[in-house]
Amino acid sequence: MFCLHVSNRTENLLRHLTEIIRVDPQQDLFAPELFLIQSQGMERMIAQSLADEFRSFCNFQFFLPLDFLSFIAGRLDMGITPDGFQRQILTWRLDGLLRDLTGEVYEPLRYYVSGDNGELKRFQLARRVANVFDQYQLMRSDILCEWEKGKRATSHHAEGWQMDLWRRLLEQPGGEVHRGMLFRQVIERLKDDEGLENLLPKRISVIGLHTMPPIFLEYLNNLARHMSVHLFLLSPCRNYWGNVESKRARFKRGMHTPSGTPLEFSDDQHPLLAVLGRQGRDLQNLMLESADFSLELESYAEPVNEESAVATLLDRVQHDLLNGTLPGENIQPLSLEDTSIQLMSCHSKL
């Protein structure tokens, strides 16, 4: 079962999570509660919130997306452990490969690592490339498939040496399976096999993910056929806002319209949704196209109470974002003591 919980308040999402654990506890006393997150900050918030609610909360486990993939593969007894493609290990593997930069394709890199502190530059480069390759496995698995066939996927000047490095990684012992391949193999296993409920945990709570590659959403979709998947989504607007464009985007689109075609620009959409919510829009469009939710629950909190005579500037902005509209004409004057939104002019990194 795939359940979507959406709200404009993190506190409401955490209350949803609390009620799920309270109403539907783990049948096995020793089974941990599983969470899929994207940052350590969200981990601390969830742990503290549940500890406050239950007075004592233990036996839980937090996963990052790729770690959760390896965990599920292990539960399915697939025997695949692509540890050599973890970011830290990948850094040292790449540092070893970058010691041999023979070939015209590596000409830009030879220039970069030459001169003073060449070994330090090489390691720093290996760490940066390892970070990029780590993201490719999740976000650009289609490009990796093309590289493995010896085909370039783009015309970017840096793709040549990246593709050669990646193919050399695959040729090393233990480099046959990377996490992009593992995703596909796990998805196919979840599609084909029935009766995997006994091998998989009871549920996974996905909270704090602001962006998601299509392959990962496909993975969660198929995983929900065998276990409960609860996706907690923070959204500032209760309406569909995947088509909201910034003024710059609209003007760029207008530049490609046929000559003489009038440009239709609507000014009734809130500009902050366009300039500050790009990741949220992309995720909303992706879920609209690919997600198959069994249940959708929402708990939006209205920032401006109609019975309240005083509303801060922050309350009004949140109210407008929630409804996806611009402020109306009848706006009450703000108090001179209102400091709910402050702009700080900082003249240095400090």
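Two strands count as paired if DSSP finds at least two bridges between them. With that in hand, the sheet of this predicted model can be walked through strand by strand.

Start with S1, which covers residues 2-7. S1 and S5 run parallel and are joined by 6 bridges. One end of that pairing can be picked out by residue: Phe2 has Val229 of S5 as its bridge partner. S1 also runs parallel to S6, this time with 4 bridges between the two. Here Val6 of S1 has Glu298 of S6 as its bridge partner. So much for the neighbours; what about cover? S1 is mostly covered, with 6 of its 6 residues buried. Phe2, Leu4 and Val6 point one way from the strand, while Cys3, His5 and Ser7 point the other way, and all of them are buried.

Stepping back, S1 belongs to an open sheet of 6 strands, with parallel pairing and the order S3-S2-S4-S5-S1-S6. At the edges sit S3 (residues 60-63) and S6, each of which pairs on one side only. From one strand to the next, the twist averages 20°. Helix H2, made of residues 40-54, packs on this sheet and touches S2 (33-36), S3 and S4 (203-207). The direction of H2 makes about 160° with that of S3.

Now for the empty space. Rolling a probe the size of a water molecule over the atoms shows where such space is left. The largest pocket comes out at a volume of about 990 Å³. Its lining is made up of 42 residues, and the closest to the pocket centre are Leu233, Leu234, Ser235, Pro236 and Trp241. Several parts of the fold chip in: S1, S5 (228-234) and S6 (295-298) from the sheet, along with helices H1 (10-23), H12 (271-276), H13 (278-290) and H14 (313-323), each supply at least two residues of this lining. H13 gives the most, with 7 residues. By residue type, the lining of the largest pocket splits into 26 nonpolar, 11 polar and 5 charged.

The second largest pocket holds about 700 Å³ of space. It is lined by 22 residues, of which Leu66, Arg87, Asp134, Gln135 and Leu138 are the closest to its centre. For this pocket, helices H3 (65-75), H4 (87-97) and H6 (118-139) each supply at least two lining residues. H6 gives the most here, with 6 residues. The lining of the second largest pocket divides into 11 nonpolar, 6 polar and 5 charged residues.

One residue of H4 deserves a look of its own: Asp95, which has its place in that helix. Is Asp95 buried or exposed? Buried means under 20% relative accessible area, and Asp95 has a value of 4%, so it counts as buried. Leaving aside residues up to four places away in sequence, Asp95 touches Arg122, Phe123 and Ala126.

Key. Residues are numbered from 1 along each chain as its sequence is written. This is a predicted model: local features need pLDDT of at least 70, side-chain atom pairs count only at pLDDT 80 or more; totals for chains, interfaces and linings use all residues. Side-chain values use heavy atoms; hydrogens and water are left out. On a 1 Å grid over the protein atoms alone, a cavity is a set of points where a 1.4 Å probe fits but cannot get out, and a pocket is an open set with protein on both sides within 12 Å along at least five of seven lines; lining residues have an atom within 4 Å of a point. Grid points are joined across faces, edges and corners, and a volume is the space filled by probe spheres set on the points. Ala, Val, Leu, Ile, Met, Phe, Trp, Tyr, Cys and Pro count as nonpolar, Asp, Glu, Lys and Arg as charged, and the others, Gly among them, as polar. Buried means under 20% relative accessible area, exposed over 50%, partly exposed in between (1.4 Å probe, protein chains only). Contact means heavy atoms within 4.5 Å. Axes are lines fitted to C-alpha atoms, for helices over the stretch in contact, and angles run from 0 to 180 degrees between N-to-C directions.
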